[in-house]
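Morning, everyone. Please put the sequence and the model side by side. I will start with a pocket and work outwards.

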Amino acid sequence: MRAVVQRVRCARVEIEGEVVGAIGRGLLAFIGFGRDDTPEDRAWMLAKIANLRVFEDDTAGADPTKPAAAGKMSRSVGEIGGAILLVSQFTLYGDVLRGRRPSFDDAMPPEPAHAAYDAAIDEMRAMGLRVETGRFRSAMDVHSHNDGPVTIWIDSAARRSSAR
């Protein structure tokens, strides 16, 4: 599973002019499912996204015996009361090593990917986070006001290869 996660001040998804998902401060997460992904990959990825410490701490000087933490990325989306806009993005599996037209052979086929996306939404909401979504297999206009910018790339295959 792959994800590109952006810290945003706000983000929304529109389909044919209709807003189908919108958030204020939080994370815009584009997620793609690979052909060999497992439910364990999905659980690992969702926990990683939910717990990313990419929001600044604003508690500088609260404890004079400890160094000030203000300005350091030390808080997760849940800790700041933010939300997540979860958008399915199979093109994260686009392979351009051969030629100029991307190959999507490593992407999960549409039917199981749709089930995995629906499960990801449910699992992330079960973590107690506010989750808005795009619409699977739809042409979407994604609008975001990036904050920072902070953009993080995550690939569950790296987790599997580092465990060897």
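The largest pocket in this predicted model has a volume of about 370 Å³. How is a pocket found? Take a 1 Å grid over the protein atoms alone; a cavity is a set of points where a 1.4 Å probe fits but cannot get out, while a pocket is an open set with protein on both sides within 12 Å along at least five of seven lines. Grid points are joined across faces, edges and corners, and the volume is the space filled by probe spheres set on those points.

Who lines the largest pocket? Its lining has 20 residues, and Ser-88, Gln-89, Phe-90, Thr-91 and Arg-137 lie nearest its centre. A lining residue has an atom within 4 Å of a point. Two or more residues each come from β3, β6 and α2. The largest share, three residues, belongs to β3. Helices here are DSSP runs of H or I with at least four residues, strands are runs of E with at least two, and both are numbered from the N terminus.

Now the chemistry of that lining: 14 residues are nonpolar, five polar and one charged. Nonpolar covers Ala, Val, Leu, Ile, Met, Phe, Trp, Tyr, Cys and Pro; charged covers Asp, Glu, Lys and Arg; the others, Gly among them, are polar.

Two ground rules. Residues are numbered from 1 along each chain as its sequence is written, and side-chain values use heavy atoms, with hydrogens and water left out. In this predicted model, local features need pLDDT of at least 70 and side-chain atom pairs count only at pLDDT 80 or more, but totals for chains, interfaces and linings use all residues.

Back to Ser-88. It sits in strand β6. Is Ser-88 buried or exposed? It counts as buried, because its relative accessibility is 15%. The cut-offs are under 20% relative accessible area for buried, over 50% for exposed, and partly exposed in between, with a 1.4 Å probe and protein chains only. Neighbours within four places in sequence aside, Ser-88 is in contact with Ile-31, Tyr-117, Phe-136 and Met-140. Contact means heavy atoms within 4.5 Å.

Next, strand β3. Seven of its seven residues are buried. On one side of the pairing list, β3 runs parallel to β6 over six bridges, and Phe-30 stands opposite Val-87 in β6. Strand β3 also pairs with β1 (residues 2-15), this time antiparallel, over seven bridges. There, Phe-30 is the bridge partner of Val-4. Two strands pair if DSSP finds at least two bridges between them.

On to β1. Ten of its 14 residues are buried, so β1 is largely enclosed by the rest of the structure. It pairs with β8 (residues 141-155) in the antiparallel sense over eleven bridges; one facing pair is Val-8 and Asn-146. Strand β2 (residues 18-23) also runs antiparallel to β1, joined by five bridges. In that pairing, Glu-14 stands opposite Val-19. The hairpin of β1 and β2 has two residues between the strands, and Glu-16 takes a positive phi near 50°.

Now helix α2, residues 110-126. Why does its length make sense? The expected span is 1.5 Å times one less than the number of residues. For 17 residues that should be 24 Å, and the end C-alpha atoms are 24 Å apart, which agrees. Among the buried residues of α2 are Ala-113, Tyr-117, Ile-121 and Met-124. Their cover includes β3 (26-32), α1 (39-51), β6 (83-88) and β7 (130-133). After α2 comes Gly-128, with a positive phi near 90°.

One residue of α2 deserves a stop: Arg-125. At 41% relative accessibility, Arg-125 counts as partly exposed. Leaving out neighbours within four places in sequence, Arg-125 is in contact with Val-131 and Thr-133. Arg-125 and Ile-84 are 41 residues apart in sequence, yet 9.6 Å apart in space, C-alpha to C-alpha.

Last, zoom out. The chain has three helices and eight strands. Along the sequence the pattern is β-β-β-α-β-β-β-α-β-β-α. Of its 164 residues, 40% count as buried. Among contacts with a separation of 6 or more, 72% join residues 24 or more positions apart.
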